[in-house]
Structure formats: C-alpha cells, structure tokens
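The following note is offered to a colleague who is meeting this structure for the first time. Please read the points alongside the sequence and the coordinates.

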Amino acid sequence: MAIEQIKMPQLGESVTEGTISKWLVSVGDKVNKYDPLAEVMTDKVNAEVPSSFTGVIKELIAGEGDTLAVGEIICTIEVDGGNIEETPAASIEQKESTDDAVVLAQEEQGNKARYSPAVLKISQEHGMDLTQVSGTGAGGRITRKDLLKLIESGNIPSAGQKIEQQKEPVAVSASKLEVTKSASIQPASTPAAPAVNIPVAAGDIEIPVTGVRKAIAANMLRSKHEAPHAWTMVEVDATNLVEYRNSLKDEFKKKEGFNLTFFAFFVKAVAQALKEFPQINSMWAGEKIIQKKDINISIAVATDDALFVPVIKNADEKTIKGIAREISELAVKVRTGKLKSDDMQGGTFTVNNTGSFGSVQSMGIINYPQAAILQVESIVKRPVIMNNGMIAARDMVNLCMSLDHRVLDGLVCGRFLQRVKEILENTSKSTTSIY
C-alpha cells in the first residue's frame with residue numbers, strides 16, 4: 001500500500017488559493033479516480049476537486065471553511081500497488097530538502113508573503129515583524145510553531161532583525177503536518193491590518209464573511225495594492241445601435257431562442273478594437289509585459305452574494321450572434337452553479353455591464369493580472385447639441401475604463417476608446433451584420 005497526496009489545484013488564471021466549502025467524502029471512504037472529493041470556492045469559480053487515484057481516504061488534512069494556497073495538501077489517499085510504501089511525511093521531507101534552493105530564489109525575488117490567521121494573530125499580539133522571520137513550513141512558510149518557538153526563546157524579531165529558524169524533523173504522521181491556511185494575499189512589506197472592533201448595538205445584524213467573499217476581497221485588495229489605477233471615460237452616441245438592435249430583437253429571440261442584448265454589441269466592438277490596439281491586451285509580469293495573442297473577454301456576472309468572471313474566448317473571431325449566445329450560456333451556468341474552472345481561465349481583458357443596474361458612471365477595479373477593465377454604463381436619453389446646432393434627444397452611453405499605469409498610458413487608452421466609440425456610433429443595419 002502507498003499513501004498519495006491530493007493538493008489544492010489551480011482553478012483559474014491568477015487564482016492562488018481556494019476555500020474548502022464542503023467535503024464530499026469521509027475518512028475510510030473508497031473512491032475511484034476522477035470521483036469528486038470536495039467542493040472548493042475561489043474568487044472566480046466554485047468547482048469540485050476530483051481524485052487523482054483509486055483508493056481509500058486516509059485523512060482529511062483541511063477542514064470545511066479552511067483556505068489553502070494552490071499546491072497545499074488537502075487530503076491523503078491509501079492506494080494499492082507499489083512495493084515501496086512512501087508516507088506523506090517522507091515525501092514532504094524529501095521535497096523540502098530538494099526545494100530549499102527554489103524557496104530561497106523565490107524569497108530573493110520578493111515573493112508575496114502568505115500567513116495563516118493563527119500566525120497573524122500571534123504576530124500582532126507580540127509585535128512581531130513577520131518579514132524578518134524565516135519559516136520552516138512547506139515552501140518556506142511561517143507556521144504557528146515557528147512563532148511559539150521564538151516567543152519561548154525570548155528572541156522576538158523586530159524591524160531590521162532577521163531570525164533564522166532551524167528546521168525540525170517532519171512528524172511521522174500526516175495529521176501532525178502544519179497546513180498554512182492563507183487568509184489574504186499581501187505584499188511582503190505590508191503589515192497585516194488589525195481587526196476592527198465595531199460596537200454591535202441592538203438590532204444590528206452580524207453577517208459572517210463567506211469563503212468566496214474573502215477570496216473576492218483578497219483579489220480586489222491585491223489589484224488595488226499592486227496596480228496603479230488610472231481612469232478615463234468617453235461618451236458614445238448609441239442612437240443608431242439602439243434603433244438597429246430594437247428592430248431585430250423580437251425576431252431574433254423567436255428564431256434563436258436567446259436574447260440579442262446591447263452588451264453583445266459592446267463586447268464585439270471591444271474585441272475588434274483590441275485587435276487594432278494589441279497593447280491594451282497585455283499583462284504586467286514583473287520585469288516584462290506580456291502582450292497576449294488571443295483576445296479573450298472576461299465578463300462579470302453577479303449572483304446575490306458573489307461575482308464571477310467567465311470568459312468569452314477568441315471574441316474577435318465570433319459574430320455578434322455568437323457572442324450573445326455565449327453571454328446567455330455563461331450567465332445561466334453562473335446562476336445554476338454549473339460554471340467550470342475552464343470557463344474562467346484565459347481572460348485578457350474585462351468588460352463589465354454596470355449599466356444593467358442603472359449606473360451611468362463608475363470606476364472598476366482591474367481584474368488582476370489584466371491591464372484594464374471597461375465599464376459599459378446605462379444607455380439613457382439625453383438632449384444633445386448636434387453638428388447643425390439643433391438640440392435632439394439621443395441615446396447616450398458612457399464607457400469608463402480603469403487601466404494599470406505600469407502597462408498602459410493615457411495616449412493608447414484614449415485612442416482605443418475612440419476606436420470603440422467609432423465602431424459603436426457607426427453600428428446600423430447598413431454597416432453591421434449580427435451573423
């Protein structure tokens with residue numbers, strides 16, 4: 001018999017952690033390869049983690065509600081086959097000894113610190129500077145045991161003092177393993193925010209923060225901390241677009257079985273403009289900028305308690321009808337809980353339909369690690385002074401763009417928005433086909 005480990009998978013591009021929302025198995029259960037083991041939530045998707053082996057569940061390392069980094073062990077399985085029995089402890093000890101150089105290289109490159117709630121609490125109580133502590137956990141992470149050992153020795157680190165921990169032998173039982181449960185993603189130089197003590201009066205309602213809400217908060221915080229946001233806006237005369245779409249919508253719905261929304265026209269216009277301005281379709285990667293070849297449009301779809309960002313892949317190659325179909329299908333998947341991790345991966349630019357809530361102007365937070373996000377606001381009737389000096393009622397819409405100023409400058413973004421505006425204002429029966 002051999003013991004195998006199941007680790008937290010990466011359930012989407014830029015996803016660094018997941019929360020165990022529900023275990024679907026118990027210790028002692030027999031499972032087959034590809035059977036679902038647990039339901040996992042991230043800021044982008046809810047998904048099931050399948051088994052990589054056929055065998056018997058030996059131990060559930062993580063509990064329901066625990067948040068773990070990608071690659072951390074969530075459970076172990078006892079499998080048949082193999083003459084050499086390898087325990088989880090032995091395999092991890094071997095991995096730690098071979099991965100020391102990798103850990104050091106990551107530290108030198110300023111890899112982002114990730115601390116468990118227990119570690120954060122102890123460090124705050126004792127005024128510890130965690131950036132000055134070298135951990136003994138997997139991947140060089142600081143564990144609760146590391147801090148307790150420092151407190152016992154009286155050698156509590158302060159700013160400018162580097163404390164090296166001596167690695168202890170790994171415990172024989174997998175149940176003794178210290179699993180880091182990451183609560184957030186923070187730059188190494190940023191201290192953890194102290195808990196806010198808000199008085200609770202009679203009638204106040206305390207709402208527990210769900211795992212998916214924590215994940216959303218962590219990703220939004222990371223985006224705002226790391227990406228210097230800039231913002232710009234243009235207004236678009238969508239009168240011709242509105243008339244064209246309204247002339248088609250009833251017949252289209254009857255023929256195709258789904259709605260021809262205004263949003264599909266906006267996504268198509270953005271995809272076309274991205275093809276002409278590929279700099280916008282880029283991502284920041286530290287020492288370089290990655291300009292993506294594929295144009296994959298992320299769209300925001302909200303439920304009552306979460307926001308998901310599925311992806312329309314190769315949107316520039318799709319017709320308006322094809323985009324409308326995907327928008328409809330992805331929205332249904334989100335609201336029925338059937339969205340898969342593959343539906344969330346590969347996005348290169350985000351378009352958010354804030355106008356569906358009546359918003360006329362907003363400043364979106366960039367969907368990290370993308371370089372920009374475009375908010376499509378509500379189409380409203382407004383009096384406009386025309387070129388002949390006459391005043392007319394026109395259908396106007398604001399397009400609001402947030403950009404990562406490390407990657408993009410105002411000039412290219414301004415030209416990009418002007419191109420989107422031009423495409424939309426020239427959308428009509430004589431110039432635009434939906435097929």
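1. Helix α6 covers residues 239–256. In this predicted model, its 18 residues, at 1.5 Å a residue, should span 26 Å, and its end C-alpha atoms lie 25 Å apart, so the two values agree. The helix nevertheless carries a bend of about 40° at K249.

2. Which residues of α6 are buried? They are T239, L241, V242, Y244, R245, F252 and E256. An α-helix has 3.6 residues a turn, so residues three or four places apart point the same way. The cover over the buried residues of α6 includes the strands β9 (229–237) and β19 (391–404). It also includes the helices α7 (262–276), α8 (320–335) and α9 (410–425).

3. The residue that follows α6 is G257. The phi of G257 is positive, near 90°.

4. One open sheet is built from 4 strands in the order β1-β8-β6-β3, with antiparallel pairing. Its edges are held by β1 (2–7) and β3 (30–31); each has a single partner strand, so one side of each is left without a neighbour in the sheet. Within this sheet, β6 (residues 55–60) and β8 (residues 73–79) pair in the antiparallel sense over 5 bridges. Along that pairing, I57 is placed opposite I77 in β8.

5. Another open sheet, also antiparallel, has 4 strands in the order β5-β4-β2-β7. Its edge strands are β5 (46–50) and β7 (67–69), each of which pairs on one side only. On average, and with direction ignored, neighbouring strands of this sheet are turned by 40° against each other.

6. How many bridges join β4 to β5? Strand β4 (residues 36–41) is joined to β5 by 5 bridges, and the two run antiparallel. M41 of this pair stands opposite N46 in β5.

7. The cysteines deserve a separate remark. A disulfide is counted where two cysteine sulfur atoms lie within 2.5 Å, and by this rule the count comes to 0 disulfides. Are C75 and C400 buried or exposed? A residue counts as buried when its relative accessible area is under 20%. C75 has 0% relative accessibility and is therefore buried. C400 likewise has 0% relative accessibility, so it is buried.

8. As to position, C75 falls within β8 (residues 73–79), the strand placed between β1 and β6 in the sheet order. C400 falls within β19 (391–404), which is among the elements covering the buried residues of α6.

Terms used. Residues numbered from 1 in each chain as written. Predicted model: local features only at pLDDT ≥ 70, side-chain atom pairs only at ≥ 80, totals over all residues. Heavy atoms only, no water. Buried < 20%, exposed > 50% of the residue type's maximum accessible area, 1.4 Å probe, protein only. Pairing = 2+ DSSP bridges. Expected span 1.5 Å × (residues − 1). Bend = angle between axes of the 7 residues up to and from the residue. Contact = heavy atoms within 4.5 Å. Axes fitted to C-alpha atoms, helices over the stretch in contact; angles between N-to-C directions.
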